[in-house]
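Subject: Structure for you to look at

Hello,

Here is the structure I said I would pass on. Please open it beside this message and follow along.

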Amino acid sequence: MALEYNKSSLSACTSILIGKKATVDGSTIIGRNEDAKASWPKHFVIHDHKEFTDDQKFVSKANDFQMDLPKIRYKYSATPEWTFKEGLFEEDGFNEYGVGMSATESAYSNQRVLGVDPLNENGIGEEAMITVVLPYVKTAREGVLRLGKIIEDHGTCETNGVLFSDKDEVWYFESGSGHYWVAQRIPDDSYAVVANQLAIQEIDFNDSDNFLYRKDIQKFVAENHLNARPNGFNFREIFGTHDLSDEIYSTPRVWWGQQQFSGKTDESPESEDLAFVKKANRLLSVDDAQDYLASHYQKTEFDPLNKSANNKRYRPISLAKTQESHVLQIRPDMNPEIACVQWLAMGVASQSVYVPFYMGMTDTPAEYKLGELPYDSKSAYWTYKLAGVLLDGHYKELGKDFQAKQKDINITLRKKLNDFDREALSKDDDKLPNYLTEASFEMAKISLDGYKELIAQLITDSTDFSPLNFKTDMNL
């Protein structure tokens, strides 16, 4: 099949970050929807720890970006594309040190900034970020600094946001031009939701615990007269865009998350003044993060499933172009192999299920390494996509049973994860990897088997929806 696809030009995601004191169990949480194209399969893989004797070099297939790599590559998980023709796009995962990373949240810089520091067409982009950063860092902060140094040295071809986490810290990184970047630590008692626009606001240059940045960024901004409010340093205002498209495409998703987590306000969905960091009105859970990423303005006039005049006004969080959705949870007081859970929903989050995978697993199920174009019935990606396709035309008739099956699978997975946790904590180190692999495989199988049953029922129930149907008078 011929490929006509440029991932970088289509990427449009939604992200969530939650500090450890803002969660019910002390977890750090980051998550994102990878949105690009309605049918473009993803795989899920584990890269083993490797120690090379030869010099290592990364060469991108998306552009001419290349860089030398360390000879030691830590084990890490990733969700690459089904084809590497346009690049790897490994997108999200954990490494063996318990560092989580998700890349990227696509954003946009204004023309004033790009006029003095243009994007570098052969700089690092989304396609390469996980591959050249995650396997080489031991903390979230190290991840921020490594990516920042790469952008300073090689430039970047895109404006992006990148999420980092470890058991103690959650960071959000943003590149604002070809070579300039900042990062902010999400306070432990707070959360942030981000949607395709530069989000970080005031930078405190005297607070190195919570802000990182290219060292000469203040000089760069001052010399090029980029800051219209020089009494402060608002990164979003200086580097970002403020277009009508932001107000329709991006800010409503941020507004929706803040309304869900911090309570209803009179703020407009189209407001350009929504805060980046917020405190919730309750402690948040991994379920809250997943529900947000799977949401579409339910119970409002903006829900695309409603028959209202405004049902297409705003771009929803969960949409048909989601390739996969992930939530990276790091739980406290456990070894990283058990503590780090990569919740992965293949396809459209609202029509899929987040399956938990332990970081300590040594392989991924065969179904998660399959899937190309066209449809492949053996692929996990295509299994979840098929269920959604069958639902799409008949939400009213099939939606209730679909959601009931999702709930049933979710309950079973959470029960299994609790049981596996207790058993894993008693395992010897030499037996733990196999145990966590088997446990992860079992949970994946439970979900896939459940969806195969759901698909069979959806097909059966759909047979009566044909336009060629005719209600026969039984008295004839």
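Helix α3 (residues 126–133) lies across β9, β10 (100–106) and β11, and its direction runs at about 165 degrees to that of β10. A second helix, α4 (residues 140–154), packs on the sheet and touches β11, β12, β13 (181–185) and β15. The direction of α4 makes about 10 degrees with that of β12. Please keep in mind that this is a predicted model.

The sheet under these helices

The strands belong to an open sheet of six, in the order β9-β10-β11-β12-β13-β15, with antiparallel pairing. Its edge strands are β9 (92–94) and β15, each of which pairs on one side only. On average, neighbouring strands in this sheet are turned by 15 degrees against each other, if direction is ignored. Within the sheet, β11 (residues 160–165) and β12 (residues 170–175) run antiparallel and are joined by five bridges. Which residue of β12 is the bridge partner of Gly 161? The partner is Glu 174.

Gln 197

Glu 174 appears again in the surroundings of Gln 197. Gln 197 is placed in the loop between β14 (191–194) and β15 (211–213). Is Gln 197 buried or exposed? Its relative accessible area is 9%, and buried means under 20%, so Gln 197 is buried. Leaving aside neighbours within four places in sequence, Gln 197 is in contact with Ser 106, Ala 107, Glu 174, Asp 246, Ser 250, Thr 251 and Glu 272.

The seven-stranded sheet

There is also an open sheet of seven strands, with the order β16-β14-β1-β2-β17-β18-β19 and antiparallel pairing. The edges are β16 (277–278) and β19 (355–358), and each pairs on one side only. Helix α11 (residues 395–424) packs on this sheet, where it touches β18 (340–346) and β19. The direction of α11 makes about 20 degrees with that of β19. Elsewhere in the sheet, five bridges join β1 (residues 14–18) to β2 (residues 28–35), and these two strands run antiparallel. One pair to look for is Thr 14 with its bridge partner in β2, Asn 33.

Arg 331

Arg 331 is in the loop between β17 (322–330) and α9 (336–339). Arg 331 counts as buried because its relative accessibility is 9%, where the cut-off is under 20%. Which residue has a side chain joined to that of Arg 331 by a polar contact of 2.5 Å? That residue is Asp 421. Not counting residues up to four places away in sequence, Arg 331 touches Asp 25, Ser 27, Ile 338, Ala 339, Val 341, Tyr 358, Leu 417 and Asp 421.

The two domains

The domain assignment divides the chain into domain 1 (14–365) and domain 2 (382–463). Taken over C-alpha atoms, their centres are separated by 26 Å. How many residues of each domain are in contact with the other? There are 30 in domain 1 and 29 in domain 2. The size of an interface is often given as the accessible area lost when the parts come together. Here the two domains bury about 2,500 Å² between them, with 65% of it on carbon and sulfur atoms. On the domain 1 side, Gln 351, Val 353 and Tyr 358 lose the most area to domain 2, and together they make up 29% of what that side buries. Tyr 358 is also one of the residues that Arg 331 touches.

Regards

Terms used:
Residues are numbered from 1 along each chain as its sequence is written. This is a predicted model: local features need pLDDT of at least 70, side-chain atom pairs count only at pLDDT 80 or more; totals for chains, interfaces and linings use all residues. Side-chain values use heavy atoms; hydrogens and water are left out. Helices (H or I, at least four residues) and strands (E, at least two) are DSSP runs, numbered from the N terminus. Buried means under 20% relative accessible area, exposed over 50%, partly exposed in between (1.4 Å probe, protein chains only). A polar contact is a pair of N or O atoms within 3.5 Å; within protein, one must be able to donate a hydrogen and the other to accept it, and residues adjacent in sequence count only if both atoms are side-chain atoms. Contact means heavy atoms within 4.5 Å. Two strands pair if DSSP finds at least two bridges between them. Axes are lines fitted to C-alpha atoms, for helices over the stretch in contact, and angles run from 0 to 180 degrees between N-to-C directions. Domain bounds come from an automatic or database domain assignment. Buried area is the accessible area (1.4 Å probe) that two parts lose on being put together, summed over both.
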